[in-house]
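Welcome to a short tour of a protein that may be new to you. Take a moment to turn the structure around, and then read on with it in view.

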Amino acid sequence: HHRCRQHRPTAPSEMPIHRAAPSWNEARILAHDGAPAQHPPIIRVLRRHRLMKQLLLALILPLLAVFPAAADTKAPLIPAPPALSARSWILIDWQSRQPLVVKDADKRVEPASLTKLMTAWLVFDALKQKRISLDQVMTVSDRGYRAEGSRMFLEPRIPATIEDLMKGMIVQSGNDATITLAEAVAGSETTFVDLMNKTAQRMGLAGTHFMNSTGLPNAQHYTTARDLATLAANIIRDFPEHFPLYSMREFKYNNITQYNRNRLLLIDPHVDGLKTGFTESAGYCLIATAKRAPRRLISVVLGTASDSARAQESLKLLNYGFQFYETVRLYTKGQTVSALRVYKGADSEVKAGFMEDFHISAPLGTAARLKATLESVQPLIAPVEAGNRIGTLKLTLDGKPWGEYPVVALETVRIANI
């Protein structure tokens, strides 16, 4: 058991700038438009009490250098989030993955056809792994043909391509198409559902459990608004080549044209997905996403009273997020946040940072008041592998915790030769 001590970070105004000193490391922080800050901040490792036992090193990151000084003087007034006529909802920023507005987001709910997002993720993954192909043909099984609810209107003896089945599931929400795709990927819907639950666990969807591929009601078939937002964000990130399917407004199959039930595709030109859902017990549900360059937001609204209500309530959330929040890029992929001391290594230091661009979201006009510290567990002893977590970036806004984010080694440090 090691004793830990955290040093009080030196305030930015107390930090003399010695650019040549080896214990200092200059880190560029990028503004929201991607341009480098005019005066990159200086990071200092506090080594006042160097212990050979485990120690927490705190690094001050003066984020004020990112933003104009005037931004803090006339910050806009931020109204309270809109109160929606729904059972639960969440709004997240896709780049930062931060929740902006939350109401009962961890409450267990029935997902209805929003279930098909996980079905789609697994179909997209099977295509990526070349286990199935877009031009592969499938004939609907008796189970799929007799499925309740929305239909693509597959015919028992007329095969359909995987590409058409995907459109039938995503645009028309066809349960016959969904079950046929599940059988194409896993041989049976039962086996496919097992894949759904294992994938949910891997994604960290702790409040989710599936019993079928379609979303038909079952007491053990449930999820949460937060888990659905994560799943939607993963689809956009992992399969950009298939994501445009969610913006299709109509699809014709078997001489029957059906229209996408996501009304926001017609109301707001910035909306380009994702999925609607409805059962009597679940109510009218909608996961929507909109991109107003360079930002993308995802809203999940569950349990409204009507088709029009789910669209209007979702639009309220999206508009609120775009109007009253901003997202800034603090660090680019592979950018060094700090160099941390390594003991018994071939190198004496290891570069620490993020493997992907690191974004943060905050109420409009408040980002200049964000403050950060980087905590690193010491002593850090070689070997250190690239990608290993070696610290935590802690952000506060006006003295209140805003978020904690893992910082990893950007390079590998081997054990020193004896």
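A pocket, as the word is used here, is an open set of grid points, where a 1 Å grid is laid over the protein atoms alone, with protein on both sides within 12 Å along at least five of seven lines. A cavity, by contrast, is a set of points where a 1.4 Å probe fits but cannot get out. Please keep in mind that what you are looking at is a predicted model.

**The chain as a whole**

Let us begin with the overall picture. The protein chain has 418 residues, and 53% of them are buried. Its secondary structure comes to eight helices and 19 strands. How far apart in sequence are the residues that meet in space? Of the contacts between residues at least 6 apart in sequence, 66% join residues at least 24 apart.

One pair of residues gives a feel for such distances. Arg341 and Leu380 are separated by 39 residues in sequence, yet their C-alpha atoms are 6.8 Å apart. You will find Arg341 in strand 14, which covers residues 336-341. Arg341 counts as partly exposed, with 27% relative accessibility.

**The open spaces**

Now for the spaces between the atoms. The largest pocket has a volume of about 590 Å³. Its lining is made of 16 residues, and those closest to the centre are Gln95, Arg97, Glu356, Asp357 and Phe358. Which elements each supply at least two residues of this lining? They are helix 6 (225-238), strand 16 (358-363) and strand 19 (400-409). Strand 19 gives the largest share, with three residues. Sorted by class, the lining of the largest pocket holds seven nonpolar, five polar and four charged residues.

There are also enclosed spaces, and two cavities of 30 Å³ or more are counted. The second largest cavity holds about 50 Å³ of space. Around the second largest cavity you will find Ile170, Val171, Ser173, Asn260, Arg261, Asn262, Leu274, Lys275 and Thr276. Strand 10 (residues 271-279) brings the largest share of this lining, three residues. By class, the lining of the second largest cavity divides into three nonpolar, four polar and two charged residues.

**A sheet and the helices on it**

Strand 10 turns up again in a sheet. In what order do the five strands of this open sheet run? The order is 5-4-12-11-10, and the pairing is antiparallel. Strand 5 (99-103) and strand 10 sit at the edges, each pairing on one side only. From one strand to the next, the twist averages 5 degrees.

Within this sheet, strand 11 (residues 283-292) and strand 12 (residues 295-304) run antiparallel and are joined by eight bridges. As a landmark here, Ile287 stands opposite Val300 in strand 12.

Two helices meet these strands. Helix 6, which also helps to line the largest pocket, lies across strand 4 (88-93), strand 5, strand 10, strand 11 and strand 12, and runs at about 140 degrees to strand 12. Helix 8 (residues 307-324) packs on the sheet too, touching strand 4, strand 5, strand 10, strand 11 and strand 12, and its direction makes about 145 degrees with that of strand 12.

**Backbone details in the loops**

Finally, some loops hold backbone features that are worth a look. The table lists two cis peptide bonds.

| Cis peptide bond | Omega |
|---|---|
| Ala293 to Pro294 | about 0 degrees |
| Ala382 to Pro383 | near 5 degrees |

Where do these prolines lie? Pro294 is in the loop between strand 11 and strand 12, while Pro383 is in the loop between strand 17 (370-378) and strand 18 (389-397).

Two residues that are not glycine have a positive phi. For Arg97, phi is about 65 degrees, and for Ala112, phi is about 55 degrees. Arg97 lies in the loop between strand 4 and strand 5. You have met Arg97 before, as one of the residues closest to the centre of the largest pocket. Ala112 belongs to the loop between strand 5 and helix 1 (116-128).

Are Arg97 and Ala112 buried or exposed? Arg97 has a relative accessible area of 32%, so it is partly exposed. Ala112 has 1% relative accessibility, and buried means under 20%, so Ala112 counts as buried.

How values were computed:
Residues are numbered from 1 along each chain as its sequence is written. This is a predicted model: local features need pLDDT of at least 70, side-chain atom pairs count only at pLDDT 80 or more; totals for chains, interfaces and linings use all residues. Side-chain values use heavy atoms; hydrogens and water are left out. On a 1 Å grid over the protein atoms alone, a cavity is a set of points where a 1.4 Å probe fits but cannot get out, and a pocket is an open set with protein on both sides within 12 Å along at least five of seven lines; lining residues have an atom within 4 Å of a point. Grid points are joined across faces, edges and corners, and a volume is the space filled by probe spheres set on the points. Helices (H or I, at least four residues) and strands (E, at least two) are DSSP runs, numbered from the N terminus. Ala, Val, Leu, Ile, Met, Phe, Trp, Tyr, Cys and Pro count as nonpolar, Asp, Glu, Lys and Arg as charged, and the others, Gly among them, as polar. Two strands pair if DSSP finds at least two bridges between them. Axes are lines fitted to C-alpha atoms, for helices over the stretch in contact, and angles run from 0 to 180 degrees between N-to-C directions. Contact means heavy atoms within 4.5 Å. Buried means under 20% relative accessible area, exposed over 50%, partly exposed in between (1.4 Å probe, protein chains only).
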